[in-house]
Every structure is written in C-alpha cells, then in structure tokens.
Amino acid sequence: MRPITEQQLRRSFVNCSRGEADAMTLPRTFAATPCDELVVLGWRDPEAPLRGYLVVERDGQPVGVAVRAADTRMSSATPAMCPLCQTAQSGSDVSLFTARRKGDAGRDGNTVGTYICADLACAIRARTEIPPWLRERDPDEVAAERTAELEQRVRGFLDAVLR
Ligand SMILES: [Zn+2]
C-alpha cells in the first residue's frame with residue numbers, strides 16, 4: 001500500500017458511519033507502520049476488544065472495512081487455518097469476524113462473515129510464515145505469491161461487503 005495519513009485512513013471505511021470511523025482507535029504504532037511493505041493494514045481496536053479493521057487498496061484508493069469478532073473462540077487444541085493468509089494456526093488464534101454490508105443492507109443488519117487471524121495481521125504472516133511444503137523454494141518469491149493471494153482474497157471479502 002501507499003503511505004496513508006490518519007485522515008485518509010478514517011475516510012476510507014465503507015461500512016461504518018463517519019462518527020464510528022472518527023471514534024475508532026488506530027494502532028499505537030500507526031505512525032511507524034511500513035505501509036509500503038504491507039498489502040493489507042489490519043488491526044484490532046485497542047479500546048474496543050471485539051472491533052477490528054482491514055484496509056486494502058482498490059483502484060489505487062484505500063478502502064477500509066470495519067469487522068467485529070465473535071465473542072466465542074475455537075479451542076487452542078483445534079488446528080485451524082486462516083482462509084485469507086492461508087497460515088496454519090491453533091484455533092484460538094483464528095477468529096470468526098463479521099462485517100456489516102455497505103449502505104442500507106448493513107443498516108438492515110446484513111453482514112458478511114469469514115474466519116481471519118484473530119490479530120488481523122495476515123499481511124505480516126503472508127510474508128514471514130512460510131508453510132513447510134514451500135520452504136524449498138525461493139523465500140522472496142513465495143512471500144510475493146502469498147502476499148498477492150492475500151490481497152486478492154481480502155478484495156473478495158470487500159466485494160461481498162460492497163455488494
Ligand atoms: Zn490470516
């Protein structure tokens with residue numbers, strides 16, 4: 001992603017009100033976020049434990065989606081995989097998130113759900129947590145592929161929110 005200001009970030013959200021976007025808490029490390037190394041910015045709201053945010057570029061513009069984590073979690077003994085970054089983790093590190101759909105549909109209570117890494121840090125994991133069966137290949141090439149796939153899947157989720 002291109003570097004983004006706090007105001008651009010808050011204005012990028014498609015499925016929450018201005019008031020909600022202004023009230024969200026940015027990651028504490030926002031100013032130091034290496035945007036150019038990440039295809040998706042994702043974080044949990046430090047002040048509102050079940051809320052989280054994903055921002056991805058689309059047609060050159062940042063587009064943000066506010067999500068809400070289910071308050072139940074899978075057991076840490078259950079193996080799980082994040083469908084966005086395709087990283088295998090314990091069940092307690094992957095959470096079901098729902099996003100209100102854009103516009104009237106969302107106001108009527110329509111949501112879209114998906115499992116995602118509980119900390120929403122998929123973009124970092126796609127680059128750094130290479131599955132064993134891909135470790136014989138060039139790590140930079142694998143990270144680039146995993147990152148491109150993650151971006152496509154997050155855009156797919158975004159399409160469902162915008163539909
Ligand atoms: Zn993930």
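C85 and C117 are both buried in this predicted model. The two cysteines belong to a zinc site whose protein donors are the SG atoms of C82, C85, C117 and C122, lying 2.2 to 2.3 Å from the ion. The 4 donor atoms subtend angles of 101 to 118° around the zinc ion, so the arrangement is tetrahedral. For comparison, the ideal angle for four tetrahedral donors is 109.5 degrees. Along the sequence, the donor residues follow the spacing C-x2-C-x31-C-x4-C. Within this set, C85 and C117 link distant parts of the chain, being 32 residues apart. C85 sits in the loop between β4 (79-81) and β5 (88-90), whereas C117 is in strand β7 (residues 111-117).

Two residues in the loops around this site have unusual backbone angles. Most residues other than glycine have a negative phi. Q86 is not a glycine, yet its phi is positive, at about 55°. Q86 is placed in the loop between β4 and β5, the loop that also holds C85. With a relative accessible area of 31%, Q86 is partly exposed. L120, also a residue other than glycine, has a positive phi near 60°. L120 lies in the loop between β7 and α4. Its relative accessibility is 2%, so L120 counts as buried.

The strands can be followed from β1 onward. β1 and β2 pair in the antiparallel sense over 5 bridges, and they form a hairpin with 6 residues between the strands. One bridge in this pairing joins W43 to its partner Y53 in β2. β2 in turn pairs with β3, again in the antiparallel sense, over 8 bridges. In this pairing V56 stands opposite V63 in β3. The hairpin of β2 and β3 has 2 residues between its strands, and D59 in this hairpin takes a positive phi near 50°. β3 also pairs with β6, in the antiparallel sense over 2 bridges, and here R68 stands opposite T98 in β6. In a regular strand the side chains alternate between the two faces of the sheet.

Beyond the end of β3, the chain enters the loop between β3 and β4, where D71 is placed. D71 has 66% relative accessibility and therefore counts as exposed. The C-alpha atoms of D71 and S95 are 8.8 Å apart in space, while the two residues are 24 residues apart in sequence.

The aromatic residues bring the account back to β1 and β2. A search of the whole structure finds 2 aromatic pairs. In one of them, the ring centres of F13 and Y53 are 5.6 Å apart and the planes meet at 85°, so the pair is edge-to-face. F13 lies in the loop between α1 (6-11) and α2 (18-23) and Y53 lies in strand β2, so this pair ties together parts that are 40 residues apart in sequence. F13 and Y53 are both buried. The other pair is formed by W43 and Y53 and is tilted, with 5.1 Å from centre to centre and 40° between the planes. This pair links W43 in strand β1 to Y53 in strand β2, 10 residues apart. W43 and Y53 are both buried, and they are also bridge partners across the two strands. F13, W43 and Y53 together form one aromatic cluster.

W43 is also prominent in the packing of the interior. The largest nonpolar core has 42 residues, and L9, L41, W43 and L150 are those with the most contacts inside it. At least two residues of this core come from each of β1 (40-44), β2 (51-58), β3 (61-69), β6 (94-100), β7, α4 (122-128) and α5 (139-162). Of these contributions, the largest share is that of α5, with 6 residues. Contacts of L9 show how separate parts of the chain meet here. Leaving aside neighbours within four places in sequence, L9 is in contact with I4, M24, L26, F30, L41, W43 and V55. Two of these partners, L41 and W43, are themselves listed among the core residues with the most contacts.

Definitions and conventions: Residues numbered from 1 in each chain as written. Predicted model: local features only at pLDDT ≥ 70, side-chain atom pairs only at ≥ 80, totals over all residues. Heavy atoms only, no water. Donors = N, O, S within 2.8 Å, 3.2 Å for Na, K, Ca; no water. Tetrahedral: all angles 85-135°; square planar, octahedral: opposite > 155°, others 65-115°. Helix = DSSP H or I, 4+ residues; strand = E, 2+ residues; numbered from the N terminus. Buried < 20%, exposed > 50% of the residue type's maximum accessible area, 1.4 Å probe, protein only. Core = buried A, V, L, I, M, F, W, Y, C linked by side-chain atoms within 4.5 Å. Contact = heavy atoms within 4.5 Å. Phe/Tyr/Trp six-rings, centres within 6.5 Å; stacked < 30°, edge-to-face > 60°. Pairing = 2+ DSSP bridges.
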